[in-house]
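This briefing is for a reader who has the chain and its coordinates at hand. It takes up an annotated region, several side chains, two sheets and the cysteines.

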Amino acid sequence: MATVTIDKARKAYGAVEILHGVSAEIADGEFVVLVGPSGCGKSTLLRMIAGLEDITGGKIGIGGRVVNSLPPKERDISMVFQNYALYPHMTVAENMAFSLTLAGASKEEKQKRVAHAAQILGLTELLGRYPRQLSGGQRQRVAMGRSIVRNPQVFLFDEPLSNLDAKLRVAMRAEIKSLHRRLATTTIYVTHDQVEAMTMADRIVVMNSGHIEQIGRPLELYDNPRSTFVAAFIGSPAMNLLNGCFDRDGDRPVFKTNDGIMLPLPGDAAELIGVEGVYGIRPEYLTLSVANVGIPARVVVVEPLGSETHITATVGQQTIVAVFHDRLDIEPEETIWLQPRTDRICLFDKSGQRLSGKTNEYARQHS
């Protein structure tokens, strides 16, 4: 096991810069997920850690040693790819032992390590089969077993579940997390699926356009996003974000949307009166209220999911989603009234940066 240090890492292809000096510290034994939309640079960063991409600038360290110039085989890492990368002419046992064969390990050592990994992953009965005789989930476990037998300092996963169906993805998420608890090996996992990130990670690194937007524990990012990007990316359904300005209704502060609809604010938001911004509220923190109390919303779509009901509606010209843990008799085109929990509101400036905790400072600077 080892720490992984990323210090102002840059990657450019000619004049096109992909990573803009990102920095992160991954602790020994930690499970960290790199998440973000396609093209944000997360897979590029993973490949730089693995040594499959050259580093344009900055440093990457593994176990206290800078590995910028080291080839992949000398970094003591093991990588699991999206497409499994199994040899079709080899059995499960031969695929799992292949790296040990290249390293010149004895027959006894290979058998011992393969048997141990197979037991951990439930592959013992499949060791004599070929990849074509396995399901997608079994192939992915073989790919993981091939990494385990190497006993590396760091596991790297590059979207390993993308080729699996939804039900199998859920099962494999649990298997990978359970595997990490048993082995306690430093793990870096790349995905574009924020549900995978939330359910698996010790910490999440949210990336956007070659930058790191925020690093934190899953619920920390969910409850306290530093930007509208993180607020919209983490959570399913995403946080509702309404554009407008901070205003006053009598003696109480309110947020006035661009359509003139008044939304409640906590008392400390009074310092922001006159400032443009963004009002954020998670779908589950909207409750139904009696007519003419709260926010009027025109229902567009009703999605009954059994344990929950998701309602997509418009507030003026802006779209929001509300989640209720009830079965509701609501139809499209109806007007419902929603009441947000003011203790769960997230406020952002017009550039998308979080205001909470710095409202007074922001108000002074923009008064």
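The points below are grouped by topic and begin with the annotated region.

The model is predicted. A UniProt annotation, from an unreviewed entry, labels residues 4–234 "domain: ABC transporter". A search of the whole structure for disulfides finds 0.

**Annotated region**

- The record places "domain: ABC transporter" on residues 4–234.
- Helix makes up 37% of the chain over residues 4–234, and strand makes up 26%.
- The C-alpha atoms at the two ends of residues 4–234 are 24 Å apart.

**Helix α1 and the residue after it**

- Helix α1 spans residues 42–50, and it is largely enclosed by the rest of the structure because 7 of its 9 residues are buried.
- The buried residues of α1 are K42, T44, L45, L46, M48, I49 and A50.
- G51 comes just after α1 and has a positive phi of about 90°.

**R141 in helix α4**

- R141 is part of helix α4, which covers residues 136–148.
- R141 counts as buried because its relative accessibility is 14%, under the 20% cut-off.
- One partner of the R141 side chain is the backbone oxygen of L121, reached at 3.2 Å.
- The side chain of E175 is in polar contact with the side chain of R141, at 3.4 Å.
- Leaving out residues up to four places away in sequence, R141 touches L121, L123, M172 and E175.

**Q153 in the loop after α4**

- Q153 sits in the loop between α4 and β7, the latter being residues 154–158.
- Is Q153 buried or exposed? Its relative accessible area is 18%, so Q153 is buried.
- Q153 and G29 are separated by 124 residues in sequence, while their C-alpha atoms are 9.1 Å apart in space.

**E196 in helix α6**

- E196 belongs to helix α6, residues 194–200.
- With a relative accessibility of 2%, E196 counts as buried.
- The side chains of E196 and R169 are joined by a polar contact of 2.5 Å.
- E196 touches L161, R169, R173, Y189, T191 and A201, with residues up to four places away in sequence not counted.

**Sheet with β11 and β14**

- An open sheet of 5 strands runs in the order β13-β12-β11-β14-β20, with antiparallel pairing.
- Which strands stand at the edges? They are β13 (262–264) and β20 (346–349); each has a single partner strand, so one side of each lacks a neighbour in the sheet.
- From one strand to the next in this sheet, the twist averages 45°.
- Strand β11 (residues 240–249) and strand β14 (residues 276–281) run antiparallel and are joined by 6 bridges.
- N243 has V278 of β14 opposite it.

**Sheet with β15 and β19**

- Another open sheet has 5 strands in the order β15-β19-β16-β17-β18, and its pairing is antiparallel.
- At the edges are β15 (286–288) and β18 (318–324), each of which pairs on one side only.
- The twist in this sheet averages 45° from one strand to the next.
- Strand β19 (residues 335–340) is joined to β15 by 3 bridges, and the two run antiparallel.
- L286 stands opposite P340, which is in β19.

**Cysteines**

- The count of disulfides over the whole structure is 0.
- C245 is in no disulfide, and the nearest cysteine sulfur to it, that of C346, is 19 Å away.
- Why does C346 form no bond with C245? The sulfur of C346 lies 19 Å from that of C245, its closest cysteine sulfur, and this is too far for a bond; a disulfide needs the pair of sulfur atoms within 2.5 Å.
- C346 is buried, with a relative accessible area of 4%, whereas C245 counts as partly exposed at 25% relative accessibility.

Notes. Residues numbered from 1 in each chain as written. Predicted model: local features only at pLDDT ≥ 70, side-chain atom pairs only at ≥ 80, totals over all residues. Heavy atoms only, no water. Buried < 20%, exposed > 50% of the residue type's maximum accessible area, 1.4 Å probe, protein only. UniProt positions renumbered as here; feature names shortened; annotations may be inferred. Helix = DSSP H or I, 4+ residues; strand = E, 2+ residues; numbered from the N terminus. Polar contact = N/O pair within 3.5 Å; in protein donor to acceptor, adjacent residues only side chain to side chain. Contact = heavy atoms within 4.5 Å. Pairing = 2+ DSSP bridges. Axes fitted to C-alpha atoms, helices over the stretch in contact; angles between N-to-C directions.
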